[in-house]
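Please open the model in your viewer, switch on a cartoon view with side chains available, and follow the selections below in order.

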Amino acid sequence: MPIYAYKCTSCGFEKDFLQKMSDKPLTKCPSCGKDTLKKELSAPGFELKGSGWAATDFNGGPKAVPAAHRHSDK
């Protein structure tokens with residue numbers, strides 16, 4: 001289940017909540033009780049590092065040379 005960040009526009013209360021993607025957004029602030037709790041845009045919880053599969057498989061990089069075109073040292 002994803003974690004969503006919320007902030008109250010009335011009192012400034014901030015908290016992250018674990019919710020199903022199908023759950024309706026929360027609106028009632030647990031601090032002040034007003035219906036001013038808003039879901040915030042947040043960064044994803046993962047970071048892509050290294051060369052990865054996209055860099056090696058899908059970028060049109062070096063392709064295998066057919067055997068007929070290889071040099072022979074015989």
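Which residue in E2 is the bridge partner of Tyr-6? Select Tyr-6 in this predicted model, and you will find Lys-15 as its bridge partner in E2. Widen the selection to the two strands, E1 and E2 (residues 14–18), which pair in the antiparallel sense over five bridges. Then move to the hairpin of E1 and E2, where five residues lie between the strands and where Gly-12 takes a positive phi near 85°.

Next, select Lys-7, whose bridge partner in E3 is Lys-38, and extend the view to both strands, since E1 and E3 also pair in the antiparallel sense, here over three bridges. With E1, E2 and E3 shown together, you have an open sheet of three strands in the order E2-E1-E3, with antiparallel pairing. E2 and E3 (37–39) are the edge strands, each pairing on one side only, and neighbouring strands of this sheet are turned by 35° against each other on average, direction ignored.

Now turn to the side chains and select Tyr-4, Tyr-6, Cys-8, Phe-17, Cys-29 and Leu-37, the six residues that form the largest nonpolar core. Strand E1 (residues 3–8) provides the largest share of this core, with three residues.

Finish by centring on Leu-37 and displaying its contacts, leaving aside its neighbours within four places in sequence: among them are Tyr-6, Cys-8 and Phe-17, each of which you have just selected as a member of the core. Leu-37 is also in contact with Lys-7, Phe-13, Leu-26, Thr-27, Lys-28, Cys-29 and Pro-30.

Conventions:
Residues are numbered from 1 along each chain as its sequence is written. This is a predicted model: local features need pLDDT of at least 70, side-chain atom pairs count only at pLDDT 80 or more; totals for chains, interfaces and linings use all residues. Side-chain values use heavy atoms; hydrogens and water are left out. A nonpolar core is a set of buried Ala, Val, Leu, Ile, Met, Phe, Trp, Tyr and Cys residues joined through side-chain atoms within 4.5 Å. Buried means under 20% relative accessible area, exposed over 50%, partly exposed in between (1.4 Å probe, protein chains only). Helices (H or I, at least four residues) and strands (E, at least two) are DSSP runs, numbered from the N terminus. Contact means heavy atoms within 4.5 Å. Two strands pair if DSSP finds at least two bridges between them. Axes are lines fitted to C-alpha atoms, for helices over the stretch in contact, and angles run from 0 to 180 degrees between N-to-C directions.
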